[in-house]
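Subject: Structure handover

Hello,

Here is the structure you will be working with. My notes come after it.

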Amino acid sequence: MSTELVLTLSAVALAFPFAKQRLALSLAKHPSLTGHSRMAKRVGSWLPGYAFDEERFFDCDDAPDAIAQERRKAFYGLAETLQTRHAKSIALTAQAREGIADLQFTGAYRVPFQFSPLVRQHLKVGAFIQSADGVCVTDLDGQRLYDLTGSYGVNVFGADFYKACMQEGASRVQAVGATLGAYHPCVADNVRKLKAISGLDEVSFHMSGTEAVMQAVRLARYHTGRKNLVRFCGAYHGWWEDVQPGPGNPMPPRETYTLRDMHERSLQVLRTRKDIACVLINPLQALHLNKSAPGDSSLVDSSRTASYDRQAYTEWLHKLRAVCTERGIVLIFDEVFLGFRLAHGGAQAYFGVQADMVTYGKTLGGGYPVGVVCGRADLMKRYREERPADICFARGTFNAHPHVMGAMSVFLEKLELPEYAHIYEGLDARWDARRAKFNATMQQHNLPLRAANMSSVWSLYYTEPSRYNWLLQFYLRAHGLALSWVGTGRLIFSLNYSDADFDAVLQRFVAACQDMRSGGWWANVPITNKSIRRSILKEMWNR
Ligand SMILES: Cc1ncc(COP(=O)(O)O)c(C=O)c1O
C-alpha cells in the first residue's frame, strides 16, 4: 500500500472508529495473494489454462536447440524407465483412475499445469503398493522405495509400529466388535493419558482432523458468543469451509480473518476487535511462514524458500498466548499434523505454551482415522444448566469406534516405553545434522538443491533458476524414493530412519540430481526467476 493511501485511510480512520478497525484488519493481512482469500479466489477464477505442446515443452525457457534435444531424449528415457520398472502398478492405476476422483485430481496437480498433460501422458506414477515395512514401501512390481511421504504425517514411528498398534488394538477390542455408543474400557485409559499429555481437562473423539478442528471452533464460538475465527496466512487446518477460505472453496470467505503470521499488526487486531472467538495455530507454518503448503504444482521457477527459527516462533507463540488470555480469545493449537512428532507432549511442550484447546489426529489413531479435541472443562461443555435448550451439538456415528480406540490405546502405551520415549531425546539436533549433511553434499556436488527442516519435516528449494524443478520428483522415483503427490516441497521422514537409511536416501538424491543436470533441465540458460514469471505472464496473454 502506498504511503499516501495509508495516510488518507488513517485520516478517515481517526474520524470513524469502524473505519479504524477495518484499516487495522487490512494492514494485518499479508501482502501476498495468499493473505487475501477473496482476491485469490477471484484471480484463481481468471487464470487462463494452457498447456505446452511437444515443441514448447522442452524449450519454454528459450534454451538452444541442442539442450531441448537433450531434454527430449532424457524425458522419454525417464518415461521408459518408470514404465518398465513399475508396469503392474501403473497399469492398475490407469484402470482405476477413471473411477477415483482423488487420483484424477492428484495426478493433474503434481506439476505446473502448463506441463501437466504431457507429463500425465508419459511420466506415469503408480498409485498402488503391496506392502510397507521398515522405512520402505513395495509396489505391485516388487520395487522397494524409501518412503518420504510419511503417510501425510501419520507415520511418525515407522510402518511396523502402526501394524503392531492395529493388530494388538484389534485383539484388545475384538469382543465388542463394532458395537457403538457404549465404550470399550480402553477409552477411559485413553482419556486419562490424553489429559496428561495435553494438560487439559476433557477430551472428545472424532473421525478426522478436519472434524476435530470444526468441533473446537464451534465450541469456541458457543462459549465466547463471538463468531469470527482467526487463522494465519497459508495455514492448513483441514478442508472445512471456515478454515479454508479462498481457492479450493466454492463459498466466499465468511467469518474468517486470515492474518499475517508473526506480525505485530495481527496482535493489534486481536487486541482491539470484539468479534474474535478463537485463534487457530498450525505450528508447521513456522517452516514456511505466510505461505501455503509448498506443492510442486506451483514450482514454476526457483523462488521457493523455507526456513525455521524455533526461538523466534516460540516468542511469537508466547505473545499470542498473552493477547488471547487478555482478550478472552480461545487459543487453539492444531496439532493434527505435528502432535507427537516434535515431543511426547506435542507442540505445546516443544514450544512451552499451554493452549486452551488442542486438536490431534493422524498418528494418534495408531494407524486408524481419528480426530481428537482436548480442552478446558469450561470450553468443552456442550450445554448450559441455566438455559437447557441452548446447546452446542456435536455427535458422530463412528466417534470412539472400538478399533480406533484399541489401536490408540496401544499407541499411547508404546509412547511410554523407554525405547519410544528416548526417540525424542536430541531429535532436532539429529535431524538438523542430517539436513546440514544433505546441504553440504549438494554443495560439494555443485547441485542446486537445498533443504530446510522443522525436525523430521523437510522442504526442498532450488538455488538456480529453472522452469523444470518439478521434474526432480520423477527422477527421485526412478532412484527409488517415494514422494507424496505434492512433491519436493514436503518430505516427511519417519523417526525410525537410521543413519544408514538416511545415507542411502542422500545418495539417491545425488544420483537423481545428477540425472537432472545431465538431462539438460538445469542447463546454463540465461534466465532469472523474474524473467520466468514474465514469460509465464506473456504465455497467458498470448495463449
Ligand atoms: C494441521 C492440520 N489440521 C487438520 C488437518 C485435517 O486432518 P484430516 O485430513 O484428518 O481431516 C490436517 C491434515 O493434513 C492438518 O495438517
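The notes below cover the ligand site, the salt bridges and a surface patch.

Please keep in mind that this is a predicted model. The values that follow are computed from it.

Ligand site

The ligand is surrounded by S208, G209, T210, Y236, H237, G238, N282, D334, V336, F337 and K362. By class, this shell has 3 nonpolar, 6 polar and 2 charged residues.

Three polar contacts may be of use to you at the bench. An N or O atom in the side chain of T210 lies 2.5 Å from an oxygen atom of the ligand. For G209 the contact is through the backbone, where a polar atom is 2.9 Å from a ligand oxygen. On the nitrogen side, an N or O atom in the side chain of D334 is 2.7 Å from a nitrogen atom of the ligand. The ligand on its own would expose 390 Å², and the protein buries 82% of that area.

Salt bridges

Side chains of opposite charge can pair when their charged atoms come close. With a cut-off of 4 Å between a side-chain nitrogen of Lys or Arg and a carboxyl oxygen of Asp or Glu, the model has 29 salt bridges. I went through some of them.

R72 and E54 pair through their side chains, with N and O 3.0 Å apart. This bridge links distant parts of the chain, since R72 belongs to helix α5 (residues 65-85) and E54 to helix α4 (residues 54-57), 18 residues away. E54 has a relative accessible area of 30%, so it is partly exposed.

Helix α9 (residues 159-173) holds both K163 and D160, whose side chains form a salt bridge with an N to O distance of 4.0 Å. The two residues are separated by about one helical turn because they are 3 residues apart in that helix. K163 is partly exposed at 42% relative accessible area, and D160 is also partly exposed, at 38%.

Another bridge in α9 joins R172 to E168, the closest N and O atoms being 4.0 Å apart. Here the spacing is 4 residues, again about one turn of the helix. R172 has 29% relative accessibility and therefore counts as partly exposed; E168, at 36%, is partly exposed too. Which residues share a network with this pair? Through shared partners, salt bridges connect E168, R172, E413 and K414 into one network.

K414 sits in helix α16. Is K414 buried or exposed? Its relative accessibility is 14%, so K414 counts as buried, the limit for that class being under 20%. The C-alpha atom of K414 is 8.7 Å from that of C165, although the two residues are 249 apart along the chain.

Surface patch

Y383, I391 and F393 make up a nonpolar surface patch of about 330 Å². Y383 lies in the loop between α15 (377-380) and α16 (402-415). With a relative accessibility of 43%, Y383 is classed as partly exposed.

If you want to follow these notes in the viewer, one order is the contacts of T210, G209 and D334 with the ligand, then the network of E168, R172, E413 and K414, and finally the patch of Y383, I391 and F393.

Regards

Methods
Residues are numbered from 1 along each chain as its sequence is written. This is a predicted model: local features need pLDDT of at least 70, side-chain atom pairs count only at pLDDT 80 or more; totals for chains, interfaces and linings use all residues. Side-chain values use heavy atoms; hydrogens and water are left out. Patches are made of residues with over 30% relative accessible area and no salt bridge: like charges are joined within 9 Å, nonpolar side chains (Val, Leu, Ile, Met, Phe, Trp, Tyr) within 5 Å. Accessible areas come from the Shrake-Rupley method with a 1.4 Å probe; for residues, only the protein chains shown count as cover. Buried means under 20% relative accessible area, exposed over 50%, partly exposed in between (1.4 Å probe, protein chains only). A residue is near a molecule or strand if one of its heavy atoms lies within 4 Å of it. A polar contact is a pair of N or O atoms within 3.5 Å; within protein, one must be able to donate a hydrogen and the other to accept it, and residues adjacent in sequence count only if both atoms are side-chain atoms. Ala, Val, Leu, Ile, Met, Phe, Trp, Tyr, Cys and Pro count as nonpolar, Asp, Glu, Lys and Arg as charged, and the others, Gly among them, as polar.
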